[in-house]
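Hi everyone, thanks for making time. I'd like to walk you through some side-chain contacts in one structure, so please have the picture open in front of you.

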Amino acid sequence: MTSPLSVIILAAGKGTRMQSAKPKVLQTLAGKSLLGHVLDTCHQLTVDDTIIVHGFGGEQVQADINEQYAHLPITWVAQTEQLGTGHAVKVTLSDLPKEGQSLILYGDVPLVSCQTLTALKSANTDGMSMLTLTVENPFGLGRIKRDKDGNIEAIVEQKDASADEQKIQEINSGIYCVDNALLHKYLPKLSNDNAQQEYYLTDIVKMAVAEGINIVAIEPEHTFEIEGVNNRQQLASLERTWQSKLVADLQEAGVQFADPSRVDIRGTLTAGQDVFVDVGVVFEGDCVLGDNVYIEAGCVIKNARIGNACHIKPYCVIDRAEIGAGVDVGPFAHLRPE
């Protein structure tokens, strides 16, 4: 019998640097909110409980997510004071089952993959596993401190790190899989006696090590999986990174792009062989292209199905329409819904 799985998503940050009236986790990447990406990914696993910790703009976040994800049973927990990541997880304890294990994720770290989360869950054999990454420039990030045998000893935050500890290049992503029993045991014991005067979630690692628990660390396949979003520049950069990944996957499947950097996929795109996509094309929602489809510049295609050997000429808008095989459309055509 598999252990019950809870997901705790920390989504209480204000996102001041976004300069937006909209909460940070509702900012969009590839046509979907940052928090929506996290929910869609973790629910590719079998999840028993979903707990979202909200703060700034909590009503707006709840309204948006409850509308789009009405099919998911979500427990909402308010973090009224921003006292650190440890405190954010601690406020979930009254709703968190004592059995099973929890994935701890972040509403502003949208691109962690299902494969990585599955591996992280599988790696938790002794109570705790975590996602780490070795980087060239670890400045500002928590370092993974290991003993002479390579076992994890602690996570040291930048502001609390010694000169030697600051040279460590393995960093903490903040993403964990932890037995719920340990969360109920350790979180009430957290202290804010540190440079930030915050309750660090990372301190549960020290507590686990002190009890002889072997903490397993795994690394994601892609660096972007642990990248967070704090400002518009980071959001734009992550958008381009993700678009490049989506395009590369389609190229491997046989799609030719006139310029891979000048296309946007805001949803899912499924395509047959020998498809050509010119510059400035935008795909939204769920789009399906048959074989030998030729799409010229500047088209916007939303939730549409395009049959084999169709030629979509420049600057067409195809909105929730289905096009049969061998059809020429446009230029400047607007195919309306249905």
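**Side-chain contacts: charges, then rings**

Let's begin with one aspartate. Asp259 has a relative accessibility of 22%, and because the buried class ends at under 20%, it counts as partly exposed. Before I go on, please keep in mind that this is a predicted model.

So, who is the partner of Asp259? That would be Arg262: the two form a salt bridge, and their closest N and O atoms are 3.0 Å apart. Arg262 is itself partly exposed, with 46% relative accessible area.

How many salt bridges are there by this rule? The count is 14. I'll show you a couple of others.

Find Arg320, please. It makes a salt bridge with Asp319, with 3.3 Å between the closest N and O atoms. Here the two ends sit in separate classes: Arg320 is partly exposed at 43%, while Asp319 is buried at 13%.

There is also a network to look at. Arg240, Asp264, Arg266 and Glu284 are joined into one by salt bridges that share partners. Inside that network, Arg266 bridges to Asp264, and the closest N and O atoms lie 3.6 Å apart. Which of these two is buried, and which is partly exposed? Asp264 is the buried one, at 15% relative accessibility, and Arg266 is partly exposed at 33%.

Now for the rings. A pair of aromatic rings is described by how far apart the centres are and by the angle between the planes. By the rule used here, the count is 3 aromatic pairs, and I'll take you through Phe224 with Trp242 and Tyr315 with Phe332.

For Phe224 and Trp242, the ring centres are 5.9 Å apart and the planes meet at 70°, so this pair is edge-to-face. Where do the two residues sit in the chain? Phe224 is in the loop between strand E11 (216-218) and helix H7 (232-252), and Trp242 is in helix H7, so the pair links distant parts of the chain, 18 residues apart. Both Phe224 and Trp242 are buried.

Compare that with Tyr315 and Phe332. Their rings are stacked, at 5.6 Å centre to centre with 20° between the planes. This pair also links distant parts of the chain, 17 residues apart: Tyr315 lies in the loop between strands E19 (311-312) and E20 (317-319), and Phe332 in the loop between strands E22 (328-329) and E23 (334-335). Buried or exposed? Phe332 is exposed at 64%, and Tyr315 is partly exposed at 46%.

That's my tour, and I'm happy to take questions.

Terms used. Residues are numbered from 1 along each chain as its sequence is written. This is a predicted model: local features need pLDDT of at least 70, side-chain atom pairs count only at pLDDT 80 or more; totals for chains, interfaces and linings use all residues. Side-chain values use heavy atoms; hydrogens and water are left out. A salt bridge is a side-chain nitrogen of Lys or Arg within 4 Å of a carboxyl oxygen of Asp or Glu. Buried means under 20% relative accessible area, exposed over 50%, partly exposed in between (1.4 Å probe, protein chains only). Rings of Phe, Tyr and Trp (its six-membered ring) pair if their centres lie within 6.5 Å; planes under 30 degrees apart count as stacked, over 60 as edge-to-face and the rest as tilted. Helices (H or I, at least four residues) and strands (E, at least two) are DSSP runs, numbered from the N terminus.
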